[in-house]
Amino acid sequence: MRAQIARRTLRTDRWWLPPLVTFAGLLLISIYAAVRTFMGDYYWVDEYRYLTPMYSPCLSEECLPAAAHFGRPLPELPGFLTPPVVIIPFLLGFRVTCYYYRKAYYRAAWLSPPACAVAEPHAKYTGETRFPLVAQNLHRYFFYAASLLLLINVFDAFYALSAGLGLGNLVLLVNVALLGAYTLSCHSCRHIAGGRLKHFSRHPVRYRVWTWISKLNARHMQLAWASLIFVCVTDLYVALVASGTIADLRIID
């Protein structure tokens with residue numbers, strides 16, 4: 001029989017600190033993203049052609065014509081809805097079903113478990129076999145959608161260079177670099193590159209790609225946080241320039 005221990009854990013270190021910091025970070029970013037999503041303004045700088053990634057692509061009638069790089073095929077959204085609600089389900093789906101983020105919010109928000117050698121408060125565990133967690137199996141499909149949106153963000157970043165070079169351009173380029181590294185480091189991407197292969201020697205190209213992605217995959221957690229935070233930084237910079245709060249530092253006009 002298992003030892004009967006009255007205390008929740010015998011750990012004496014501050015095991016509660018990492019999940020607390022993770023929860024606070026995810027909460028703050030979620031609040032910022034929600035505010036900017038429903039603000040519906042300050043997402044486009046016409047002079048320098050900066051478009052925040054949170055509003056890209058802008059596809060509905062509310063979008064400024066210059067910011068709608070792929071047209072405005074969707075009608076005006078009802079009520080308080082804004083253009084980002086069209087793409088957020090795909091971006092959020094990719095992040096929420098990500099293997100690292102599952103670990104992060106399972107521990108930080110659901111306390112399942114909060115830390116190693118610390119009992120969780122739930123009476124039973126059903127894994128990801130029932131609703132809603134069974135939807136985690138859609139991760140590979142969200143990966144496809146996120147990859148397409150990443151290509152659009154890359155187009156936006158290079159399109160802005162047609163108006164010159166400024167600090168905002170560098171911010172947009174760093175943003176797509178981090179998003180690209182995070183997307184490529186995804187476990188689904190790694191599986192697409194080298195999964196189901198029985199003999200690597202017969203598929204040298206896929207094996208080489210798999211090794212490159214595996215190196216990125218080892219930094220998946222760091223890339224997940226860096227890309228998430230920098231999306232907010234990029235959006236904030238574009239919003240500040242668009243609102244006239246700050247002036248963009250120009251390098252080449």
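This briefing walks through the nonpolar cores, the salt bridges and one loop residue of the structure above. Keep in mind that you're looking at a predicted model. Its largest nonpolar core has 36 residues, and a search of the whole structure turns up five salt bridges.

**The nonpolar cores**

- Let's start inside: in general, nonpolar side chains of soluble globular proteins tend to be buried together.
- In the largest core, of 36 residues, the ones with the most contacts inside it are L26, Y43, L51, F94, Y100, Y101 and Y182.
- Six helices each give two or more residues to this core: α1 (17-39), α3, α4, α5 (167-184), α6 (187-194) and α8 (220-242).
- Which element gives the most to the core? That's α8, with six residues.
- Apart from this core lies another one, made of 10 residues, and Y48, V176, V238 and V241 are among them.
- Now zoom in on Y100: if you skip its neighbours within four places in sequence, Y100 touches H220, M221, A224 and W225.

**A salt bridge between a loop and a helix**

- Side chains of opposite charge can pair when their charged atoms come close.
- E128 and R102 do this through their side chains, with 2.9 Å from N to O.
- The two partners sit 26 residues apart, so this pair links distant parts of the chain: E128 is in the loop between α3 and α4, while R102 is in helix α3.
- Are these two partners buried or exposed? E128 counts as partly exposed because its relative accessibility is 23%, whereas R102 has just 8% and therefore counts as buried.

**A small salt-bridge network**

- R250 pairs with D248, and their closest N and O atoms are 2.8 Å apart.
- Both of these residues, R250 and D248, are buried.
- R250 also forms a salt bridge with D253, where the closest N and O atoms are 2.9 Å apart.
- D253 counts as exposed, because its relative accessibility is 75%.
- Put the two bridges together and you get one network of D248, R250 and D253, joined by shared partners.

**A residue in the loop: A135**

- Where is A135? You'll find it in the loop between α3 (99-108) and α4 (139-160).
- A135 has a relative accessibility of 32%, so it counts as partly exposed.
- Try finding H187 as well: A135 and H187 are 52 residues apart in sequence, and their C-alpha atoms are 16 Å apart in space.

Key. Residues numbered from 1 in each chain as written. Predicted model: local features only at pLDDT ≥ 70, side-chain atom pairs only at ≥ 80, totals over all residues. Heavy atoms only, no water. Helix = DSSP H or I, 4+ residues; strand = E, 2+ residues; numbered from the N terminus. Buried < 20%, exposed > 50% of the residue type's maximum accessible area, 1.4 Å probe, protein only. Salt bridge = Lys/Arg side-chain N within 4 Å of Asp/Glu carboxyl O. Core = buried A, V, L, I, M, F, W, Y, C linked by side-chain atoms within 4.5 Å. Contact = heavy atoms within 4.5 Å.
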